[in-house]
Amino acid sequence: MENKKELRTWLDDLNLNHPLVIAGPCSAETEEQVLNIAHQLKDTDVNYYRAGIWKPRTRPGMFEGVGALGLKWLQKVKSETGLKTATEVANKAHVELALEHDIDLLWIGARSTVSPFIVQEIADALKGTDKIVLVKNPVNPDLPLWLGAIERLSSSNIKKLGVIHRGFSTYEKSKYRNNPEWQIAIELQSKFPDLPLINDPSHITGKRDMIFDVSQTALDLNFDGLMIETHNNPDSAWSDAAQQVTPEALVQIMKDLKIRKEFDPETEYNTSLNNLRAQIDVVDNQILELLGKRMKVADGIGSLKKQKNVAVLQSKRWNEILGKMVLEGEDKGLSEEFILKLFKAIHQESINHQEKIING
Ligand code: PEP
Ligand code: MN
């Protein structure tokens with residue numbers, strides 16, 4: 001995919017003085033619910049009204065969406081409130097129905113982005129339309145797969161494109177429902193700075209009281225917008241109850257968020273920033289030097305172990321190192337999560353070095 005400026009024209013054309021906001025319930029449940037929420041969001045910063053019509057659920061037997069009937073409710077939302085509408089499409093039939101009902105923005109869900117067949121089917125069905133299409137990240141942390149979906153749409157001549165970062169599945173329990181892995185969004189942004197990037201704090205956190213913080217982090221990282229699930233009675237929502245906020249809470253979140261500028265022309269600020277960045281560059285180089293040194297030592301250990309035919313992995317010693325580093329890291333204000341990740345990576349690289357020597 002080329003990095004074309006025109007990718008973000010649709011967003012620039014909205015001429016917003018705030019991040020793009022997509023809000024509305026996880027699922028359309030009843031006509032009354034859909035319209036009630038829409039009317040509460042009418043005179044706010046919300047730009048697109050979202051509602052899931054077909055719901056991908058983890059297990060069968062859960063509420064799977066009201067189906068095409070809900071599209072009529074979204075049309076009513078548009079005519080009664082003027083809000084533009086958005087829904088998830090997961091196959092050709094969904095696309096055709098959404099187009100028939102004049103939905104303004106379509107998104108591809110995380111479970112669909114993983115399937116090139118489905119993405120291609122959707123791209124083919126959309127050929128020749130000028131809808132805005134946003135692609136959620138795949139459930140697994142795979143940037144090329146995410147970009148591949150964008151490429152398929154781009155090849156179908158869909159010009160109004162963007163991505164939604166909704167976090168990634170992990171087997172390990174964490175405080176998030178879907179781990180943000182911010183690095184992936186940052187890498188995508190640096191490769192394709194003109195591809196609008198929307199954050200979905202609802203599916204990242206799974207909990208309404210964490211939505212503000214994740215939204216603020218996204219804005220601090222120059223995201224272009226937010227998609228936040230909003231419900232008139234969140235606790236009794238038919239899907240994703242714990243993560244939905246009321247329209248009132250949404251308005252408060254929008255008010256409290258600090259919108260950061262990408263640049264500031266002021267000279268003193270830029271001088272200080274450049275100075276700090278120069279310091280970071282020096283330290284980064286020192287880190288690399290030290291890591292190189294550490295691996296040379298590991299090579300030495302590899303040679304010794306080879307002479308004596310001793311196994312590379314020494315679990316006891318390794319656990320001692322980890323425990324010590326976590327404690328020392330704490331003293332220096334480094335989180336346990338970071339120290340574990342860092343030292344596991346360093347350890348793996350040491351093992352690779354020793355393996356090379358022992359088997360070389
Ligand atoms: C949704 O937006 O309601 C949804 C199902 O999201 P995801 O595809 O991110 O799970
Ligand atoms: Mn949801």
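Which residue forms a salt bridge with Arg8, and how far apart are the closest N and O atoms? In this predicted model, the partner of Arg8 is Asp224, and the closest N and O atoms of the two side chains are 2.9 Å apart. The pair links distant parts of the chain, since Asp224 is placed in the loop between α10 (211-220) and β8 (225-229), whereas Arg8 belongs to the segment before α1 (9-12), 216 residues away in sequence. Both partners are buried: Asp224 has a relative accessible area of 18%, and Arg8 has one of 14%.

The Arg8–Asp224 contact belongs to a set of 16 salt bridges held by the structure. Among them is a contact within a helix, in which the side chains of Glu96 and Lys92 meet with an N to O distance of 3.4 Å. Both residues lie in helix α4 (residues 92-100), where a separation of four residues corresponds to about one turn of the helix. Glu96 counts as partly exposed, at 38% relative accessibility, and Lys92 likewise counts as partly exposed, at 42%.

A further salt bridge is formed between the side chains of Arg208 and Asp235, at 3.3 Å from N to O. Arg208 is located in the loop between α9 and α10 and Asp235 in the loop between β8 and α11 (247-256), so this pair ties together parts of the chain that are 27 residues apart in sequence. Arg208 is partly exposed, with a relative accessible area of 30%, while Asp235 is exposed, with a value of 62%. In addition, salt bridges with shared partners join Lys78, Asp102, Asp104 and Lys131 into one network. Within this network, Asp102 is placed in the loop between α4 and β4 (105-108) and is partly exposed, with a relative accessible area of 40%. The backbone of Asp102 has a positive phi of about 60°, although the residue is not a glycine.

A positive phi, of about 50°, is also found at Asp240, again a residue that is not a glycine. Asp240 lies in the loop between β8 and α11 and counts as buried, at 17% relative accessibility. Asp240 is one of the protein donors of the manganese ion (ligand 2), to which it contributes OD; the other donors are Cys26 through SG, His203 through NE2 and Glu229 through OE, and the donors lie 2.1 to 2.4 Å from the ion. Along the chain, the donors follow the spacing C-x176-H-x25-E-x10-D. Cys26 lies in the loop between β1 (20-24) and α2 (31-41), and His203 in helix α9 (residues 201-205), so these two donors tie together parts that are 177 residues apart in sequence. Cys26 and His203 are both buried.

Charged residues also group at the surface, where Glu328, Glu330, Asp331 and Glu336 form a negative patch. Helix α13 (residues 315-331) gives the most to this patch, with three residues. Glu330 is found in helix α13, and this residue is exposed, with a relative accessible area of 54%.

How values were computed: Residues numbered from 1 in each chain as written. Chains lettered and ligands numbered in written order. Predicted model: local features only at pLDDT ≥ 70, side-chain atom pairs only at ≥ 80, totals over all residues. Heavy atoms only, no water. Donors = N, O, S within 2.8 Å, 3.2 Å for Na, K, Ca; no water. Buried < 20%, exposed > 50% of the residue type's maximum accessible area, 1.4 Å probe, protein only. Patch = residues over 30% accessible without salt bridge, like charges linked within 9 Å, V, L, I, M, F, W, Y side chains within 5 Å. Areas by Shrake-Rupley, 256 points an atom, 1.4 Å probe, with all protein chains shown as cover. Salt bridge = Lys/Arg side-chain N within 4 Å of Asp/Glu carboxyl O. Lys, Arg positive; Asp, Glu negative; His and termini not counted. Charge placed at Lys NZ, Arg CZ, Asp CG, Glu CD.
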